[in-house]
Amino acid sequence: MVKRRVPRVRDLAPLLRFKPPVLDGRRRRLEAAQTIADLRAVAQRRTPRAAFDYTEGAAEQELSLTRARQAFEDVEFHPSILRNVAEVDTDTTILGGRSALPFGIAPTGFTRMMQTEGEIAGAGAAGAAGIPFALSTMGTTSIEDVALANPSGRNWFQLYMWKDRDRSMALVDRAAAAGFDTLLVTVDVPVAGNRLRDVRNGLTIPPSLTARTVVNAIPRPQWWFDLLTTEPLAFASLDRWSGTVAQLLDTMFDPTVDFEDLRWIARQWPGKTVVKGVQTLADAHKVVEAGADAIMLSNHGGRQLDRAPVPFHLLPQVAAELGQDAEIILDTGIMSGADIVASVALGADFTMVGRAYLYGLMAGGRAGVDRMIQILRAEIERTMRLLGAASLAELEPGHVTQLQRLTPRPRAGVHQQA
């Protein structure tokens, strides 16, 4: 029988230590966020629907994005035990320079629409963390201002090849003059993808003040205050535009760009060249033959061709055949540090995060991007320790099995593309 007694104050005292309240609302929200999904939830509460959907959405039925995320969920890890993992080293070298972590911030368009600090917050946070920051052609902060925000860090420039080649290369020249060390040539946008959320939301540049958007913004006054009291929202590298985003993209992008154009662009650029948007093994071979320093396996975050190949599924074969000839970068679907660890184990030299970055930005500006990096860093380090890997170099294919729900059915008499 249990013997009971009256509790004594000295026994209760250790149990009654309360944390002091955090009065800063933003700090309280960000400290409570333990995962990228938590940051996403905060971002959704604080951002009007049209802006949030621009980040969240993908093309058509959004199957490409759903499958990419599913692929990371279908990872089985195989830990090695009894390894000394008191310290783990997440440093890596990518495209001739150091990165403190095996991921960088991906190029995103219209970034200041999500939160007014935009690319300045992203570049500053990346510089502080010692990771690369990539600026999009469709960015809302100028090349020169990004360089000022991240003066000692690594800045990369993402290029869309326009029909007006002179204007495209003028941006490339500006990026080189500003000290950007890497060019990401995006090749999966001959036309804009059919992003139905943006169409249904009537997303325009600048955002339209319709009755629906006003009603949706009523519980989000901080977003509108930021929008209306800061520099007008526009693409920093483009002329003013009053139509939809999709209409702008279709007027700009050049569907005639080919491999000879890629070789020509690479000759103009003094730094490293990455080809972003590779989705087949055959094209990966051609890109390397054309002189690219790195391949980025990407389906544009699912925002272009729906039902596109899953980059993470393609990774092992590309790494096995081309890993000695070019560096391999992976994006699309990454939502945790475990996703990044799995990618490195299967042969990726580096990864890029886009939506995770924007969730942090929407959740809390620069502080939110810092928190996003902290979350991914902690998840990477913890996953490495649990796998028994003290450095990125110790991660190997044996640590990961890809459990695949969707397997292709053989088709008689039809040549399957590699």
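These legends accompany close-up views of one pocket and two cavities in a predicted model.

**View 1. The second largest pocket, centred on a short run of residues.** Let's start with the open site: the second largest pocket holds about 590 Å³ of space. Its lining counts 26 residues, and those closest to the centre are Val187, Asp188, Val189, Pro190 and Gly277.

**View 2. Helices and strands around the second largest pocket.** Four elements each give at least two residues to this lining: strand 7 (182–186), helix 14 (259–268), strand 8 (272–278) and helix 15 (281–289). Which of them supplies the largest share of the lining? That is strand 8, with three residues. As for the character of the wall, 17 lining residues are nonpolar, five are polar and four are charged.

**View 3. The largest cavity and the residues at its heart.** Moving to the enclosed spaces, the model has three cavities of 30 Å³ or more. The largest cavity contains about 510 Å³ of space. A set of 35 residues lines the largest cavity, and Pro107, Thr108, His300, Arg303 and Gly354 are the ones nearest its centre.

**View 4. Secondary structure and residue classes in the wall of the largest cavity.** If you are tracing the chain here, look for helix 4 (49–56), helix 5 (63–73), strand 6 (155–160), helix 13 (245–252), strand 11 (350–353) and helix 18 (355–387), each of which supplies at least two lining residues. Helix 18 makes the largest contribution to the lining of the largest cavity, with three residues. Sorted by class, the lining of this cavity has 17 nonpolar, 12 polar and six charged residues.

**View 5. The second largest cavity, with its lining named in full.** About 70 Å³ of space lies in this cavity. Its lining consists of Arg112, Met113, Gln115, Thr116, Trp223, Asp226, Leu227, Thr230, Glu231 and Leu233. Helix 6 (111–114) and helix 12 (221–228) are the elements that give two or more residues to this lining. Of the two, which gives the largest share? Helix 12 does, with three residues. How do the residues of this lining divide by class? Four are nonpolar, three are polar and three are charged.

Notes. Residues numbered from 1 in each chain as written. Predicted model: local features only at pLDDT ≥ 70, side-chain atom pairs only at ≥ 80, totals over all residues. Heavy atoms only, no water. 1 Å grid on protein atoms, 1.4 Å probe; cavity = no way out; pocket = protein on both sides within 12 Å on 5 of 7 lines; lining within 4 Å. Points joined across faces, edges and corners; volume = space filled by probe spheres on them. Nonpolar A, V, L, I, M, F, W, Y, C, P; charged D, E, K, R; others polar.
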